[in-house]
Structures are given as structure tokens and as C-alpha cells.
Amino acid sequence: MNTIAHELNERLEGSTAYRLLSDFGKRFYFPKGIVAQSAEAKQKAHRFNATVGMATKGPVPMYLKGIKDLVPGIEEQEIFPYAPTPGVPELRKLWRSEMDRKNPSLKGKNTSLPLVTSGLTHGISVVSDLFLDEGDSIVVPDMFWGNYRLIFEGRNKAKILSFPFFNDEGGLHVSALKDTLESVEGDKVALILNFPNNPTGYSPSEREADQIVAVLKSLADEGKKVLCITDDAYFGLFYEKGTCTESLFARLADLHENIFAVKVDGATKEEFAWGFRIGFITYAGHGMSGDQYEALEKKTMGAIRSSISNSSKIAQSLLLRGMKEPGYLDQKQEAFSILEARYRKVRDVVGRFPSDAPLQPLPFNSGYFMTFVYKGNSEKLRLHLLEKYGVGTISIQEKYLRIAYSSVEIENLEELYQTILKAAGEVL
């Protein structure tokens, strides 16, 4: 094992984070190579800096004027240089302060500073590398984003254990979650929860969120080491009263010495910046010291460095500037209002479907999506909608049909859903 990795492990020893690390996680480190030496030179090389592989002209990076002219009002240093491996420091601090604003119960709790990844997918993949070994189990609802299978099973050779997302009353099936978690062998338990959920568009109520936290605390009390990853891709898009509007990360951050929480979120949906590919990883463990967070950060930086080197500098710069704009929150509220109106329209249209319709909606209250259970074959229905009506939808498990109402104008939603209902009867 590399001596730096060994040193980082010694610093982490005694923490739940260390006990949960995969073999990859224990082996990984951030090398004192070109990036580290360049950072040191940036601070101390007052005469000449011949470290980083970047062309300069005077005090600024060399660039093509035609490219620079496409982004007026932003400095060369915000566009062309490499970004630091963990991300632009000011953006990381601002994102952490925004987490407090959005999650009031997180204020004052000890967490790491968010690390920047190239989107949420990359963030989840990095976390999976660091904490899941071949053969480990990770618990997910049976309604989950398909990319989880590619990341956890395909990439890391872990086993996905699923539980029924909904109970017979149309709420979150917390008892099934509990049973599935308790079925995991060994003292290491991992789960990932995505709220608002993709594909169902469901978020837990305050009561259900409390129940989830109680289940995890009970496992921790029994001596289980619990890794809970919160995939907060659609965070903030909550449309109904009584819905839990905080990330579970806030409740888990300092809950128990045997619980280690990881928040993966980003600008993709929260800031309506899909193509920026800017995500964040934030860690929280009860009793973890600043030195231990720094050691884990170094391991994460090694995982980032070895996969993408660093995330886009211009995307981080634009995001940072946008979040500091005076009208930032008003702009977000305006976009939220549009999505909420579409949600309400879908509620109205689907509520008028006949009770014996071959399509029945699963519970939904947030996010971008809603999903139907179809009495027939949903893949046949998807193809029929596409080929006869020019309507694109997503088929899941050949019995569910997911609709992204987020991408359809409100005046077209009635026609969209009536077309889907008509097609469902034709295929059946």
C-alpha cells in the first residue's frame, strides 16, 4: 500500500467512515505529484512557475480570442485554467452555506466541505468506489434510477437488494425497508435513497422521514455500521404540504457514531444547469474531526484525480457567479412555480381518468416525474405511443410507464395524457 494511503488510513482510524471504506477506499490517496506540487508552487514560486502543463502569456493563460469573445463579462482566469481537483474553493463554501439555508436543521452540524464532481452520476460513482467492495450489498427501493445498476453492479460488482417502494396504503414502505436492511449479512449496511424519487416523483412525508431515521438509528444501536447515501438530484422540488422538505442528510449528519451519511447533489436540477455537469459530495459522521474529514477528502480527491482529473472550470465559475447574483433566489422561485403549475395540471388531468382505466398512477408529490402502473405491457405501449402518436415516454420493467411532465408545456399536458390513455386502451 502506498505510504500516503497508509498515513490517511491512520488518520481515519477509529471513525465509522474508515470502517466502511472499501478496499479501493483504503488503498486510495491524493499523490504529491504534479497537481500537489503545482499548488505549492502557486503559493511560493514568486520568480518563475514551471510546473503545470498550461501555456501562459504574461499573468494569464493563453487563449483563443474567438472563444473568449463568446463569454463576455467573465475573466480569463475564470474560464481557461484547470480547476482545483476538489473544486473552486469559493464555490464549495457557498454550496455548503446554501445547504444550511435549504436544510435549517443542518446548521451548526459538523460536515466536510463539499467536493466538486462532474455531475451527480460521477459523484455517486466515486462514493461507490470508495465504499463498496465486490459482493457488498446496497439497499435501494424497487423503483430506482436505472444507472444505479450500472454503477453498483456493473462497475463495483456489488449486489442491489430492493424493497417495495410503496405499501398498500400508498405511502413509503418503511417496514419493508427495515426488513431488507436487517437481512444484510455482516456488520456493514449500505443504502441509497433518492428523494424526490426518479422514476415515481415521490418524497416522504415528515412522519415517513422520521420513521426512516428511526430505522437507521435502531440498526446503529445494534452495532451495525450504516452507510446512507442521499441522492438529492431533484432536491427542492416539493409541491405538497406535509412533505419532508429537508434532505435526510441533515437528520443523519450527527445522529449516531455508527451512521455515516453522504450527500450527493448538484447544479444539474437544483440550478437548472444540466449541461454544466457540476455535482457535489459532502460527508457527515458523528464525532469525526476536521483532520479525519481532510483525510477522507484526500482519498476522494484521489478518486476524482484518477478518473476525470478535475471538473470544468468555466462551469464552476458561471455557477458561482449565478448564485451570487442579487436576483438568484427570485429566478429559482420563478422556475419552481412553472414546474409546480405543471404538476398541478397533471394532478387534475390524471384525477379525471376513469377508475377502471388500464393506467393507474403511483403516488407522486414532487420532482420531475410521475409513473403509471399499466395493466398490459408498458414496453409495447411505449413503442405504440412513439410510432403512432409521436409521443416519447419511458417503459420500466414492462409494467410501468414514466412521464417527465417537467419537459412538456402546461398547455400541452391535457393532450399528452389523453393521448397516453387512448393508446393504453388500444394496446391492451
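## Tyrosine 239 and its surroundings

Tyrosine 239 touches Phe336, Leu339, Glu340, Tyr343, Arg344, Asn365, Ser366, Gly367 and Tyr405, leaving out residues up to four places away in sequence. This is a predicted model, so please read each contact here as a property of the prediction. The residue sits in the loop between β7 and α11 (248-252). With a relative accessibility of 4%, tyrosine 239 counts as buried, because the cut-off for that class is under 20%.

One of the partners, leucine 339, is a good one to look up in the viewer. Along the chain, tyrosine 239 and leucine 339 are 100 residues apart, and their C-alpha atoms are separated by 9.1 Å.

## Phenylalanine 369 in strand β11

Let's move on to phenylalanine 369, which belongs to strand β11 (residues 369-374). Its relative accessible area is 5%, and phenylalanine 369 is therefore buried, being under 20%. Setting aside neighbours within four places in sequence, phenylalanine 369 is in contact with Asn197, Asn198, Pro199, Thr200 and Gly201, and also with Tyr234 and Phe364. The list is completed by Arg402, Ile403, Ala404 and Tyr405.

Tyr405 is thus a contact of phenylalanine 369 and is also touched by tyrosine 239. For another distance to check, phenylalanine 369 and isoleucine 410 lie 41 residues apart in sequence, with 14 Å between their C-alpha atoms.

## Glutamate 98 in helix α6

Which residues does glutamate 98 contact, once its neighbours within four places in sequence are left aside? They are Met323 and Tyr328. Glutamate 98 itself is part of helix α6 (residues 89-102). Its relative accessible area is 11%, which is under 20%, so glutamate 98 is buried.

## Helix α8: a buried side and an exposed side

Helix α8 (residues 147-155) has Asn147, Tyr148, Ile151 and Phe152 as buried residues. These residues cover an arc of only 120° around the axis, so they are on the same side of α8. Leu150 and Gly154, on the other side of α8, are exposed.

What do the buried residues of α8 pack against? Their partners are helix α7 and the strands β4 (137-141), β5 (159-163), β6 (188-194) and β7 (225-231).

## How α7 meets α8

The axes of α7 and α8 are 10 Å apart and the two helices pack at an angle of about 30°. Because angles under 35 degrees count as roughly parallel, α7 is roughly parallel to α8. The crossing of α7 past α8 is right-handed.

From α7, the contact is made by Thr121, Ile124, Ser125, Ser128 and Asp129. From α8 come Asn147, Tyr148, Ile151, Phe152 and Arg155. By class, this contact has four nonpolar, four polar and two charged residues. Asn147, Tyr148, Ile151 and Phe152, which take part in the contact with α7, are the residues named as buried in α8.

## How α7 meets α13

Helix α7 (residues 119-131) also packs with helix α13 (residues 290-307): their axes come within 10 Å and cross at roughly 120°. That angle makes α7 oblique to α13. This crossing, too, is right-handed.

Which residues of α7 meet α13? They are His122, Val126, Leu130 and Phe131, and they meet Leu296, Lys299, Thr300, Ala303, Ile304 and Ser307 of α13. The residues of this contact divide into six nonpolar, three polar and one charged.

## Backbone details to look for

Some backbone features are easy to find in the viewer. Just after α8 comes lysine 157, placed in the loop between α8 and β5. Its phi is near 60°, a positive value in a residue other than glycine. Glutamate 398 likewise has a positive phi of about 60° without being a glycine. Glutamate 398 is found in the loop between β12 (394-396) and β13 (400-404).

Is the peptide bond from phenylalanine 195 to proline 196 cis or trans? It is cis, with omega near -10°. Proline 196 lies in the loop between β6 and α10 (206-221).

Notes
Residues numbered from 1 in each chain as written. Predicted model: local features only at pLDDT ≥ 70, side-chain atom pairs only at ≥ 80, totals over all residues. Heavy atoms only, no water. Axes fitted to C-alpha atoms, helices over the stretch in contact; angles between N-to-C directions. Helix = DSSP H or I, 4+ residues; strand = E, 2+ residues; numbered from the N terminus. Parallel < 35°, antiparallel > 145°, perpendicular 65-115°, else oblique. Left-handed = near helix turned anticlockwise from the far one by under 90°. Contact = heavy atoms within 4.5 Å. Nonpolar A, V, L, I, M, F, W, Y, C, P; charged D, E, K, R; others polar. Buried < 20%, exposed > 50% of the residue type's maximum accessible area, 1.4 Å probe, protein only. Arc of directions from axis to C-beta.
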